[in-house]
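Let's take a walk through this protein together, moving from one strand out to the wider fold. Keep the sequence and the 3D view open side by side as you read.

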Amino acid sequence: QGQCLRDRAKAHHLDASAELRRLQAAAAKGPEGPEQLELRELERQAALYSAMLGLRVTQPEEGCLEFGMRSVSASQPDREYRFTVSIDEREEFVVHRVDPPVDCSAAVAALRASNDIRRFVREMRRLFKAAAQNQQLGVDSGGSPQPFT
């Protein structure tokens with residue numbers, strides 16, 4: 001299964017690279033400016049993450065982003081694992097509504113230190129995968145209260 005996912009990711013990357021080159025050529029010739037090109041590239045990346053990882057990003061309310069991801073658990077690939085991120089009045093990241101609950105305090109501290117949301121999302125996926133595996137083995141996942149402030 002891992003090799004199949006790597007092959008799919010490589011195929012998507014090659015298709016996306018070709019599409020990006022096409023868009024760059026079109027932008028150089030036509031009325032589409034660099035902002036539209038950047039937007040299309042972000043949309044392409046979001047579609048790739050969605051297709052490969054079942055990643056969904058929504059804005060449930062002003063100032064919050066909710067991340068949902070599927071294909072975390074081999075036994076329940078359609079189950080969605082999710083968390084919400086916002087920025088508080090001190091301009092620090094706050095993570096809340098983590099479902100299922102996992103101890104993400106170290107990941108939140110790293111996010112605050114680095115401001116690297118991509119790395120944080122990957123770390124949350126890793127924590128969710130570990131919790132799903134522990135659940136299958138009958139081990140307590142060690143969830144902790146929310147929010148992490």
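This is a predicted model, and a good place to begin is strand β4, residues 93-99. Five of its seven residues are buried, so β4 is largely enclosed by the rest of the structure. The neighbour to look for is strand β3, residues 81-87, which runs antiparallel to β4 and is joined to it by five bridges. If you want a landmark across this pairing, find S86, which stands opposite V94 in β4. The two strands form a hairpin with five residues between them, and in this hairpin E91 takes a positive phi near 60°.

Now step back to see the sheet that holds this hairpin. Four strands make up an open sheet, ordered β1-β2-β3-β4, with antiparallel pairing. At its edges are β1 (56-58) and β4, each of which pairs on one side only. From one strand to the next, the twist averages 20°. As a reminder of what holds such an arrangement together, strands of a sheet pair through backbone hydrogen bonds, either parallel or antiparallel. Here, six bridges connect β2 and β3 in the antiparallel sense, and F67 stands opposite F83 in β3.

That last residue brings us to the aromatic side chains. How many aromatic pairs does a search of the whole structure find? There are four. In one of them, the ring centres of Y81 and F128 lie 5.3 Å apart with the planes at 50°, so this pair is tilted. Y81 belongs to strand β3 and F128 to helix α4 (residues 117-137), so to speak of distant parts of the chain is fair: the two are 47 residues apart. Both Y81 and F128 are buried.

A further pair also links β3 with α4. F83 in strand β3 and F120 in helix α4 come from distant parts of the chain, 37 residues apart. Which geometry do the rings of F83 and F120 adopt? Their centres are 5.5 Å apart and their planes stand at 90°, so the pair is edge-to-face. F83 has a relative accessibility of 0%, and therefore counts as buried. F120 is buried too, with a relative accessible area of 2%. Taken as a group, F67, Y81, F83, F120 and F128 are linked by ring pairs into a cluster.

Y81 has another partner worth finding on your screen: R79 lies over the face of its ring, 4.8 Å from the ring centre. A little earlier in the sequence is Q76, in the loop between β2 (64-69) and β3. Is Q76 buried, or partly exposed? With 40% relative accessibility, Q76 counts as partly exposed. Its C-alpha atom is separated by 8.9 Å from that of A132, a residue 56 positions away along the chain.

Finally, here is the whole protein. It has four helices and four strands, and from the N terminus on the elements run α-α-β-β-β-β-α-α. Of its 149 residues, 30% count as buried. Among contacts between residues at least 6 apart in sequence, 43% join residues at least 24 apart. The accessible surface comes to about 9700 Å², and carbon and sulfur atoms account for 53% of it.

Notes:
Residues numbered from 1 in each chain as written. Predicted model: local features only at pLDDT ≥ 70, side-chain atom pairs only at ≥ 80, totals over all residues. Heavy atoms only, no water. Buried < 20%, exposed > 50% of the residue type's maximum accessible area, 1.4 Å probe, protein only. Pairing = 2+ DSSP bridges. Phe/Tyr/Trp six-rings, centres within 6.5 Å; stacked < 30°, edge-to-face > 60°. Lys NZ or Arg CZ within 6 Å of the ring centre and 35° of its normal. Axes fitted to C-alpha atoms, helices over the stretch in contact; angles between N-to-C directions. Contact = heavy atoms within 4.5 Å. Areas by Shrake-Rupley, 256 points an atom, 1.4 Å probe, with all protein chains shown as cover.
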